[in-house]
Each structure stands twice: as structure tokens, then as C-alpha cells.
Amino acid sequence: MGPVPDLSERAQACADRLRQADSVLLASHIDADGLTSAAIASTGLARAGITHDVVFKKQLDADEIASIAAREFDTVLFTDFGSGQLDIIAEHERAGDFQPVIADHHQPADEETEFHLNPLLEGIDGASELSGAGASYLLARALEDETDNRDLAALAVVGAVGDMQAVGGELVGANRDIVEEGIEAGALEEGTDLAFYGKQTRPLPKLLEYASEVRIPGISNDEAGAVSFLQDLDVELQTDGEWRRWVDLTDDEQQTVASALVQHALKRGVPANKVDQLVGTTYTLVEEPEGTELRDASEFSTLLNATARYERADVGLGVCLGDRTGALDRARKLLQNHRRNLSDGLQQVKSKGVERAEHVQYFDAGDEIRETIVGIVAGMALGVEGVDPDRPILAFAEKNDEETKVSSRGTARLVGKGLDLSVVMREASQSVGGDGGGHDVAAGATVPAGQEEAFIDAADDIVGDQLE
């Protein structure tokens, strides 16, 4: 039956079709959700004895689909994309180029195909209840023969967390069912802990200084303040001259720091509802060593995103498939470089500021921030001084001489009021001769160079209509 009964029939039909193939070309997106989707699907295919190759695409457009069609494969499995491009894929299917099988969670185009596994087709929210990795997991479970693929639930959770599907810090809906299977399989642990990124790897002062989840005056973005706060506590902060990490603390020590953090935040005027967000749900991959990026779903997803943003999806896939030497070493170097670039990008936004239209705010990074990371910088910018957290942010970066990449980010609160950036980016970009899409809280587009102002005007109008 699988963990999500409403999708079992679709998953089984897709699995049966894949079993009939002599070989399969697996095509996937390159972000954390796409990489985990590919790893889950590839493992499922391998365990079922199905020969396959894997190819990654930064975006799936007509040219990329044509390049896939030119490969000598009768069956193509698309993971974490394909639904939104179904109109183009269906043309190739009708031409007899290949049989598509799709495991995706994005908004489908107005076209149909027989083997299509997407939560939206059964009334399940693809932005918050099931990720691309989750759809691939359901497919892998349907491919089971002698093997038990529930261990792959851990990667599905990494994909969902990387795709920003944690609602109020917690996975819900069909994602929740996958979490429970991962716990039953001994691959996952779920707990309640400090909701800061970097608990496995960051030294304590950096953990607090860089925490952007809740802004705490005197600690957030304040190195001296973070150190001073910790030194006032009855906690051993260093071992052999090295700062300890959160994961190195005993339960009692963690409780001491967390309680002091709450008191400090309240004294500094942080609203009680924000203080509540200091603690959240955590997902631990129990098979991975403590103190590594791979132990925590959030840190794992960030590591994967770092490989994807620098065109090294092969490295991210290697890590997902268990390479703990070469691939992991390369991924860590890419992450180091990624963090430096994000820090530089955020600093640029802070120094130059953002501009405001009536309903949106925006900045144009030109060629100073890579188009592959400008969306992440935009999301981080929503937490800094001078940027309105109650207004969607658009970020522009040069893609090439002819095209500009646009990324958008919102908040769960804005989505609750009616914001859907997927619609905003698609409709606004198409109105100026481009295209786009994504999720309600985060989406992207490509527009012709020179059309940025017209795009802003169109996006501003659409956001105004959504939030009125």
C-alpha cells in the first residue's frame, strides 16, 4: 500500500512500467531535493535490477528535453521536475521518442501522460506536504521486491527539509508519513531541540552569531556579544583550546544554554511568539557519525545545495549514494566556498540595500552574485535590518548576455495571507517573454535582459491582487 495510500496506485503503475524497460534514463533537478530524488530513485532502480543512467539538468526546457530525447533510451524517468514541462514532454511521447515516467511535486502543465506520480493530482499539497524526494521515495517503495527501501526515507526527509517544506519547523502531511517510516526502519530520529542551523558542526559562538531563525539583539550577527553571552554561563565552553559544538554538550548543558537564550531574548524585547521559534523539530540521520554535516537533515541539505550551485551534482549524488571519502571531501570544499560566497552576497545586499515597489522589494546583483545562489541570498536578506520581512523579495542576477535570472522568496505568514510566488513568477515572466515557476514560498524565473522593470511592475500587480 505504501505510506501515502492516495498515491499508491500511481506509484505502482510507474514502478510496473519501469520494470518493463530494458534500461532507463533517470533525469533529475540539481538542488538538494533533486539530488536526493535522484539518489532515492537510482537506489530503487538498482535494487530492482533495472539498468539505468543518471543525468542532471539545472532547468528543464525545450532544448534540454530535446537533448534527453536524442539519447538512446525508450524510457525516461523524470524526478523533481517534468510535471511543469509536461506539454513539451508529451510532444516527444507522441512522436515516439521515449516513454516518460514522472515523479514530481511541481504544478503540472495542462497536459496528461499515463505514468505520472504527483501529489497535486490527488489533492496533496506539493509545496508543503510532499517533495520531489518524497515522490521518488513512494516510487522506490513501489519498486520493492525482496528489498525493503524504507531506509531511503532518511534521504526523502533531507530533500523535504532542503525544499523548505518544514511548516513551522516541522514536516507535515505525506512528509510526516515518510518520517514515521524512517523512524520505524531505524534510519531516522525525530526530536525537539534548539532550532538553529549548524548544531552538528559550528563552534558554539558561531552557532549563535549566525543563527538567522530568530534575531536576538546582542547575539545575532554580533561575534563579541555571542561570546560574552556564553562566557556568562556555567558551561565548559572549550576542550583543549577548541570551542565545543552544540552536539558536544551534555543534555544538562544544552538545557542551560537554551534557557539562558530564552531569558536573554525576552529581556531584549523579542516577542514571545518569536521566542517560541527558538526550539523546533529536528531530524537526525542515525546511521551518520555525530558531529558531521550528514547527521542533521538541515545541514545535509545545505551541503547538497552547495554541490548543485557550482555545477557538481555528481558530487552531491555521490554523497547521497554513500561515498564518504572523495565525494564528501569535495562537497565540504564546495560548501566552504558556498558559505563565503553567500556571506559576500549578503554583505552586498546590506551595503546597497533594497528598492521597494508598492507590494514587493527587490535588488539587482548584476554579475556580482552567481545566478545559482542569488535566491538563497534573497532568503537570507529577509532577516536583515532594512529589509521588510512582511514583503516578498525579488532578486535579479545576470544569467548571460541575453537573459536575467530572477529569484523570489516569501514567508509562511505571507503564504497564509494568499501569496503564491509560483504564480507570480510564472505569470510575470511570461508577460515579458520569459518563463518561471516553483513553489508558493520560493520560486524562480528567467526573463530577457532589459525587461527587469516591466517584470517588477507585473509581479507587483500580481502580489497586490493576491494579498489584497
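**Entry 1: charges**

I count Lys and Arg as positive and Asp and Glu as negative, leaving out His and the chain ends. With that settled, I looked up how the charges are spread in this predicted model. The protein chain carries 40 positive and 88 negative charges, and the mean positions of the two groups lie 5 Å apart.

**Entry 2: overall form**

Next I wanted a feel for the whole chain. I found 18 helices and 15 strands in the protein chain. Measuring tape in mind, I read off the span of the C-alpha trace along its principal axes, about 70 × 55 × 40 Å.

Then I asked myself what radius of gyration a compact globule with 468 residues would have. The value would be near 23 Å, and the protein chain has 22 Å, so the two agree.

**Entry 3: inside and outside**

How much of the protein chain is buried? I noted 54% of the 468 residues. For the surface, I wrote down an exposed area of about 20000 Å², with carbon and sulfur atoms supplying 42% of it.

I also checked contacts between residues at least 6 apart in sequence. Of these, 64% join residues at least 24 apart.

**Entry 4: a parallel sheet**

Here I followed one sheet strand by strand. It is an open sheet of 5 strands, in the order 2-1-3-4-5, and the pairing is parallel. Strand 2 (52-56) and strand 5 (116-117) stand at the edges; each has a single partner strand, so one side of each is left without a neighbour in the sheet.

I reminded myself that strands of a sheet pair through backbone hydrogen bonds, either parallel or antiparallel.

I then took a look at the edge formed by strand 5. Strand 4 (residues 99-103) runs parallel to strand 5, and 2 bridges join them. Opposite His116 in strand 5 I found Ile102.

**Entry 5: two loop residues with positive phi**

Which loop holds Asn221? I traced Asn221 to the loop between helix 8 (204-209) and helix 9 (223-231). Asn221 is not a glycine, yet its phi is positive, about 55°.

Asp240 was my other stop, in the loop between strand 7 (238-239) and strand 8 (242-243). Asp240 also is a residue other than glycine with a positive phi, near 55°.

Last, I looked up how open each residue is. Asn221 has a relative accessible area of 47%, which makes it partly exposed. For Asp240 I noted 77%; exposed means over 50%, so Asp240 counts as exposed.

Methods
Residues are numbered from 1 along each chain as its sequence is written. This is a predicted model: local features need pLDDT of at least 70, side-chain atom pairs count only at pLDDT 80 or more; totals for chains, interfaces and linings use all residues. Side-chain values use heavy atoms; hydrogens and water are left out. Helices (H or I, at least four residues) and strands (E, at least two) are DSSP runs, numbered from the N terminus. The radius of gyration is taken over C-alpha atoms; the globule rule is 2.2 Å times the number of residues to the power 0.38. Buried means under 20% relative accessible area, exposed over 50%, partly exposed in between (1.4 Å probe, protein chains only). Contact means heavy atoms within 4.5 Å. Accessible areas come from the Shrake-Rupley method with a 1.4 Å probe; for residues, only the protein chains shown count as cover. The place of a charge is taken as NZ of Lys, CZ of Arg, CG of Asp or CD of Glu. Two strands pair if DSSP finds at least two bridges between them.
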